[in-house]
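Trainee: Could you take me through this model slowly, and set each word you use against its definition?

Mentor: Gladly; let us look at it together.

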Amino acid sequence: MRKNIIAGNWKMHTSLREGVALASALDKKIQKHEGNIEAGVIIAPPLTHLSLIKQVIKEERICLAAQNCSSEIKGAYTGEVSAKMLKSFGVNAVIIGHSERREYFNETDEILTKKVNLVLENDMKPIFCCGENLGQREEGTHFGVIKSQIQNALFHLPANDFSKLIIAYEPIWAIGTGVTASSEQAQEMHAFIRNVLKEKYGKEIAENISILYGGSMKPANAKELLAQTDVDGGLIGGASLDADDFFEIIKFA
Ligand code: PGA
């Protein structure tokens, strides 16, 4: 059966010292409540923090993720970090296709396909993000948009690779805006996504994939969102920068 997962996307926030303090505060909270926490916990700190944070958290409590990786294996790509490098210092998952990367760094479906492949080849989990913008939601094209984002970047994968993915539905209009999708809107889209996966990979795989919701999730709205049948956790930006808030959300999952 699929697992509930709460993942924190720190984006470009925190100094190294703040990041280490945040990760270690979270690890301590989880340790203290061990046995009562059912969800899997993931954090995606900035790249520069990963190796030090790895040393202050316990892998069995918190899984370490990166926010991005290169679409190339290796070579003369100044400033890039490869999936293999991430794996070599203990990263277990990589966020791929976040709307901020699609929008500000022109990441196309083709680039995302390459990244997903490299993450899987290096034995890490892709956390694949999809989401429509406000215009698409208002026009009513949001279901088609999400379906094509998933199809274009992921449907080349064989079933055993596909089953390693985590999917995050993040409506762009809800990210960092304080506006959350209603629990009905989230459930409706998550059920749609699961159906798209079922048509391609069959019921068993579709039922076992965790589909996270992202977009202004916080302690005040997490309980209701997480109570939806097809919402299997959250990808949390702002509220993941506060250990107390993030831990509150973890407790609901
Ligand atoms: P937010 O970000 O929780 O700050 O809206 C979510 C995300 O971008 O993953």
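Mentor: Ser 216 is buried, with a relative accessible area of 16%. Before we go on, note that this is a predicted model, in which local features need pLDDT of at least 70 and side-chain atom pairs count only at pLDDT 80 or more, while totals for chains, interfaces and linings use all residues. Residues are numbered from 1 along each chain as its sequence is written, and side-chain values use heavy atoms, with hydrogens and water left out.

Trainee: Why is Ser 216 called buried?

Mentor: Buried means under 20% relative accessible area, exposed over 50% and partly exposed in between, with a 1.4 Å probe and protein chains only. Ser 216 has 16%, so it counts as buried.

Trainee: What makes Asp 123 count as exposed?

Mentor: Its relative accessibility is 59%, which is over 50%, and therefore Asp 123 counts as exposed. Asp 123 lies in the loop between helix H5 (109-121) and E5, where helices (H or I, at least four residues) and strands (E, at least two) are DSSP runs numbered from the N terminus. Asp 123 also has a positive phi of about 65° although it is not a glycine. Most residues other than glycine have a negative phi.

Trainee: Why is strand E5 described as largely enclosed by the rest of the structure?

Mentor: Strand E5 covers residues 125-130, and five of its six residues are buried, so the description follows.

Trainee: How do you know that E4 and E5 pair?

Mentor: Two strands pair if DSSP finds at least two bridges between them. Strand E4 (residues 93-96) and E5 have four bridges in the parallel sense, so they meet that definition. In E5, Phe 128 is the bridge partner of Ile 96. E5 also pairs with strand E6 (residues 166-169), again in the parallel sense over four bridges, and Ala 168 in E6 is the bridge partner of Cys 129.

Trainee: What makes the approach of Glu 170 to the ligand a polar contact?

Mentor: A polar contact is a pair of N or O atoms within 3.5 Å; within protein, one must be able to donate a hydrogen and the other to accept it, and residues adjacent in sequence count only if both atoms are side-chain atoms. A polar side-chain atom of Glu 170 lies 2.7 Å from an oxygen atom of the ligand, so the distance is within 3.5 Å. For Gly 237, a backbone N or O atom lies 2.9 Å from an oxygen atom of the ligand.
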